[in-house]
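Reader: I should be grateful for a close look at one part of this assembly. Please concentrate on a single chain and on how it meets its surroundings.

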Amino acid sequence: MSEKTKIFKFYDTIVLLSPTGQKASNLKEFLNILEQSEDKVIFHHLYQSHIKYYLKVGEFPNDFANWAAYDLEDMALAEKLANFDPYDFKTVAQVKEKLIEIIEEHMWDLPTIPWVRSGSEFCFSSATSIVLPLGINTSTLKEFKKALNIIPDSSLYFHFCEARKIKKEKEHDDFSLWIENNFGKKELVRKIREIDFYFFSLEEIRKKLIDILEDEL
Amino acid sequence: MAILKDYEDIVGKKNLNQLKSLALLSKGKKVIMVNSTKDGGGVAEILHRLVPLLNELGINCQWKTIYGNNGFFNITKDIHNSLQGKKLDIKNELLEKYLKVNKEYAQNVNLDADIVIIHDPQPLPLIKYYPRNNTKWVWRCHIDISKPDLFLWKFLKKYVEMYDASIFSISKFAKSLPYPQYLIAPSIDPLSNKNRDLSKNEIENVLDTYRIKKDKPIILQVSRFDKFKDPLGVIKAYRLVKKEINCKLILAGGTASDDPEGEEIFKEVKNESKGDPDIHILFLKSKSDIVINALQRSADVIIQKSIKEGFGLVVTESMWKEKAVIGGEVGGITIQLYNHLNGFLVNSIEGAAFRVRYLLNRPDVSEDLGKQAKKFVTKNFLITRHLRDYLALFYILENPNKNIIYA
C-alpha cells in the first residue's frame with residue numbers, strides 16, 4: 001500500500017419510496033405533471049430504477065419509458081425515452097428540460113393524445129435515501145474485491161449507480177474513481193467504466209466487477 | 001418463535017447486518033402499532049412477527065387493538081368495503097357510532113410514544129380524540145383505496161389529513177395529501193407455520209383430515225369468504241376447466257373477528273357448489289396455518305381471483321412455495337405477478353380458466369414460473385425487507401424534508 005492510498009469506505013443506502021399522489025392517465029396530463037414536478041421526482045424515476053423491486057432486466061431502463069411502452073402502448077416514445085441518457089447531463093433540471101422537449105416533440109406528431117386504461121395511470125413518486133457506513137473499509141485491491149462479495153446490493157447500487165449523481169461534479173462511479181486516484185490502473189478503470197449498468201441487474205454488475213478484478217489480480 | 005438469526009440461511013448475513021445497522025439509528029424509540037384484531041387477516045399475521053422482531057432489534061414496539069363489538073365491526077366492514085369502491089350509503093348514525101367507539105378507546109388507552117402507527121380505517125379517527133404531543137402519527141392503509149366511495153372518502157379524509165404521514169402498499173393507492181406518503185409492501189414470514197417447509201407426512205395428514213384424494217389435479221384458492229375475492233367466479237372458472245381436464249377445486253378460507261360478512265358468503269359458495277363431489281369447500285378456523293400451508297403445497301395450480309385487493313399476501317405465500325399463481329389484475333397482485341415471468345394476471349373468469357388449462361397442460365412451465373416466483377418473493381416480500389422499511393421510516397420521520405440523510 002502506498003503512503004498516499006486512501007481507504008475506501010463502503011456505505012450502504014436504504015431507499016424508501018414516497019409517492020406524490022399525482023397520477024397521469026394520458027400523455028398530456030403526464031407532461032403537465034412532469035413540468036411541475038420537483039427534481040427529486042424526476043431523479044427517482046430516471047435514476048433509481050435499479051433499486052426498485054419490480055425491475056426486470058431487459059426492460060427499458062427507466063420508469064417513464066416502461067410506462068410509455070407497457071401502459072401507454074406508444075413504443076416510439078418508449079424507445080426515445082429509453083435511449084435518452086440522463087447521465088449525459090450535469091443537473092436534474094437540465095434532464096427535465098430535455099425530457100419535456102422529447103415528449104413535446106413526440107406529441108406534436110401524434111394525431112390524438114394517447115390514454116391508458118383505468119388502473120394503468122403513471123403514479124409519480126420520489127424517494128428518500130438513508131446513507132450509512134457499512135463498517136467495511138479496504139485499502140488494497142485484494143481487500144476491495146473481497147468486500148465486493150459481501151456488501152449488500154443496496155451498497156453496490158449506491159457506489160456504482162446513485163453516487164454518480166449525488167455530487168454534481170462526479171462523472172463516474174465511486175469504485176473506478178478510487179482505483180484511478182490511488183492505483184492508476186488505467187486499463188482496470190476503463191473496463192469498470194465500460195459496464196453499461198443500464199442493462200444489468202445489481203447481481204450481474206457485482207459479478208462483472210469481481211470478474212474484472214480477478215483478471216487484474 | 002423465530003429470532004432474527006434464524007433468517008440468516010434464507011436472506012443472508014448481509015441483509016441481517018443491514019437491519020442491525022439501521023436499527024441502531026432508532027434504538028430505544030417507542031413505537032405503538034394499533035389495529036383492530038389480533039386474530040385473522042394479513043395485518044394481524046404481519047404484526048405477530050414484526051413486533052417481536054422490532055423489539056429484538058432494540059425498538060420498544062408495542063401492539064394494541066381497538067376494542068369493539070360486532071356492531072362496530074359491521075360498520076367498519078362497510079367502511080372497508082366502501083373504501084374499496086362499493087357504494088353502500090353508510091348512515092350517519094353508524095358513522096357516529098364508529099367515531100364514538102374510537103373516542104372511548106382513545107380515552108382509555110395509553111398511546112404516548114415517539115411514533116404511533118394506525119393500521120387501516122377501524123382505528124383511524126383515534127388521532128382526533130387522543131391528546132396531541134410530540135408523537136408522530138402515521139396511518140398505515142393496507143387496502144385498495146384507489147377509487148373509494150366519494151361520500152365516505154370525504155368523511156374519512158378529515159381524519160387522514162390530521163396525520164404526519166401515511167403508508168400505502170402500492171403507489172396507485174396514494175392520495176393527494178398534505179404530508180409525505182411512503183410505500184411499504186407487506187410481507188410474509190418464511191419460518192411461520194403457514195410458510196415453513198412441511199414433511200410429506202404433515203401434508204398427507206392434512207389431506208386425509210379433509211378427505212382430499214390426490215387422484216386428479218388440484219386447483220386451489222385460499223382466501224377469506226369475501227365478495228372481493230370472487231369465490232363464485234373461481235367456481236365458474238373451474239367449471240370451464242373441468243370441461244377439458246378432469247380436476248378438482250378446493251376453496252379454503254377463514255374469517256377474521258373484524259369480518260362479520262364471512263359466514264354469509266360462505267353459505268352462498270356452499271350452495272353454488274352443491275352436487276359436485278370434486279369441489280371441496282373448507283371453512284377454516286383461525287390457527288389453521290399448517291392446513292393452509294399443506295393445501296398450498298399440494299395444489300397443482302393456485303388462483304387468487306380477487307376483483308379488489310390490498311396486496312394479496314396469499315399470492316406471496318403461494319409464490320414462496322414455488323407455485324405458479326394466477327391472480328386477478330388488481331391492487332398489490334400487480335406488483336407480484338408478471339405474465340410469463342413468475343405467474344399470470346387475469347381479468348375475467350375466462351382468463352382464469354384459460355391460464356389454469358395452460359398450466360395444467362404445461363407442468364414444465366409451471367415449475368419454471370414457480371422457481372422464479374420464490375426468488376422474487378425472497379428478494380422483495382419477506383419479513384426482513386419489511387423490517388428494513390419500517391426501520392428506515394422511523395429514522396426518516398425524525399429527519400423530515402430531506403431526500404438524502406447521511407446517518
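**Chain B in close view**

Author: In this predicted model, residues 24 or more positions apart account for 71% of the contacts in chain B with a separation of 6 or more. The secondary structure of chain B comprises 15 helices and 13 strands. Chain B has a radius of gyration of 21 Å, close to the 22 Å that the globule rule gives for 407 residues, so chain B is as compact as a globular protein of that length. Along the principal axes, the C-alpha atoms of chain B fill a box of roughly 65 × 55 × 35 Å. Of the 407 residues of chain B, 50% count as buried.

The domain assignment splits chain B into domain 1, made of 4-187 + 382-398, and domain 2, which covers 200-380. The C-alpha centres of domain 1 of chain B and domain 2 of chain B are 28 Å apart. Where these domains meet, 24 residues of domain 1 of chain B are in contact with 21 residues of domain 2 of chain B. Helix 4 (residues 70-83) of chain B supplies 5 residues, the largest share of the side of domain 1 that touches domain 2. By class, that side of domain 1 of chain B holds 13 polar, 7 nonpolar and 4 charged residues.

One residue deserves individual attention. Pro186(B) is placed in the loop between strand 6 and helix 8 (200-209) of chain B. With 21 other C-beta atoms within 10 Å, Pro186(B) is buried, because the cut-off for a buried residue is 20 or more. Leaving aside neighbours within four places in sequence, the contacts of Pro186(B) include Gly42(B), Ile46(B), His142(B), Phe311(B), Leu313(B) and His386(B). Ser169(B) is also in contact with Pro186(B). Phe168(B) lies 18 residues from Pro186(B) along the chain, and their C-alpha atoms are separated by 9.4 Å.

The interior can be approached through its core. The largest nonpolar core has 166 residues, of which Val31(B), Ile219(B), Leu295(B) and Val356(B) touch the most other members. Helix 15 of chain B gives the largest share of this core, 9 residues. Not counting residues up to four places away in sequence, Val31(B) touches a set of residues that includes Leu54(B), Ile59(B), Cys61(B), Ala113(B), Ile115(B), Ile117(B) and Phe394(B). Asn60(B) and Asp114(B) are also among the residues that Val31(B) touches.

There remains the meeting with the partner chain. The contact takes 33 residues from chain B and 22 residues from chain A. On the side of chain B that touches chain A, the elements giving two or more residues are helix 2 (13-24), strand 6 (181-183), helix 14 (363-380), helix 15 (383-398) and strand 13 (404-406). Helix 15 of chain B provides the largest share of that side, 6 residues. The residues of this side of chain B divide into 18 nonpolar, 8 polar and 7 charged. Helix 15 of chain B thus appears both in the largest nonpolar core and on the side that touches chain A.

Strands also join the two chains. Strand 13 of chain B pairs with strand 2 (residues 122-138) of chain A in the parallel sense, over 3 bridges. Ile405(B), in strand 13 of chain B, stands opposite Ile130(A). As for the partner itself, chain A is divided into domain 1 (8-13 + 131-216) and domain 2 (17-126).

How values were computed: Residues are numbered from 1 along each chain as its sequence is written. Chains are lettered from A and ligands numbered from 1 in the order in which they are written. This is a predicted model: local features need pLDDT of at least 70, side-chain atom pairs count only at pLDDT 80 or more; totals for chains, interfaces and linings use all residues. Two residues are in contact if their C-beta atoms, placed from the backbone, lie within 7 Å. Helices (H or I, at least four residues) and strands (E, at least two) are DSSP runs, numbered from the N terminus. Ala, Val, Leu, Ile, Met, Phe, Trp, Tyr, Cys and Pro count as nonpolar, Asp, Glu, Lys and Arg as charged, and the others, Gly among them, as polar. Two strands pair if DSSP finds at least two bridges between them. Domain bounds come from an automatic or database domain assignment. The radius of gyration is taken over C-alpha atoms; the globule rule is 2.2 Å times the number of residues to the power 0.38. A residue is buried if 20 or more other C-beta atoms lie within 10 Å of its own, exposed if 12 or fewer, and partly exposed in between; C-beta atoms are placed from the backbone. A nonpolar core is a set of buried Ala, Val, Leu, Ile, Met, Phe, Trp, Tyr and Cys residues joined through C-beta atoms within 7 Å.
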